[in-house]
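Let's walk through this structure together, from the overall fold down to a single residue. Please keep the picture in view as you read.

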Amino acid sequence: MNDYLHPNLNNGELAAMSALGLAHIGDAVFELMVRTWLTTRGTVTAKRLHSRTVAFVSAKAQAQAAGRILPNLSEEELGVFKRGRNSHVNSVPRGSTYEEYHTATGIETLFGYLYLSGRIDRLHELFEMVTEEEE
């Protein structure tokens with residue numbers, strides 16, 4: 001793969017990746033989407049951009065986002081989410097519960113999976129559900 005901004009991995013390649021590997025890229029994808037969304041909405045000061053970004057990408061906020069998107073997931077997407085949620089992590093950051101952190105890992109895994117499979121339209125649909133209440 002030479003185009004790292006537009007990956008299009010097949011199901012076999014995605015299945016071979018660990019859930020935490022998918023979550024790793026999904027975390028970055030989710031944060032980039034949040035940063036882009038905030039910047040294009042006119043949040044201009046660096047301090048405000050940072051504080052709003054942190055508020056959206058925290059485990060607690062991602063767990064709340066899961067509540068908004070889970071009812072709309074396909075069977076495949078739900079399976080990917082559960083794969084991430086059920087993965088073994090070594091520690092949970094301060095400020096979040098075990099359940100929030102695992103739920104956030106599930107969301108990140110799903111976002112990583114969709115990004116790496118080239119399903120950008122679906123990423124946008126889910127992100128719209130996440131930010132819907134903020135509009």
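**From fold to residue**

Following the sequence of the protein chain, you meet the pattern α-α-α-α-α-α-α. That makes 7 helices and 0 strands, where helices (H or I, at least four residues) and strands (E, at least two) are DSSP runs, numbered from the N terminus. The radius of gyration of the protein chain, taken over C-alpha atoms, is 15 Å, close to the 14 Å from the globule rule for 135 residues, so the chain is as compact as a globular protein of that length. The globule rule is 2.2 Å times the number of residues to the power 0.38.

A word on the source: this is a predicted model, in which local features need pLDDT of at least 70, side-chain atom pairs count only at pLDDT 80 or more, and totals for chains, interfaces and linings use all residues. Residues are numbered from 1 along each chain as its sequence is written, and side-chain values use heavy atoms, leaving out hydrogens and water.

Of the 135 residues in the protein chain, 42% count as buried (under 20% relative accessible area; exposed is over 50%, partly exposed in between, with a 1.4 Å probe and protein chains only).

Now find L70, in the loop between α4 (59-69) and α5 (75-85). Is L70 buried, partly exposed or exposed? With a relative accessible area of 28%, L70 is partly exposed. Leaving aside residues up to four places away in sequence, L70 touches L78 and F81, a contact being heavy atoms within 4.5 Å. Finally, L70 and H124 lie 54 residues apart in sequence and 15 Å apart in space, C-alpha to C-alpha.
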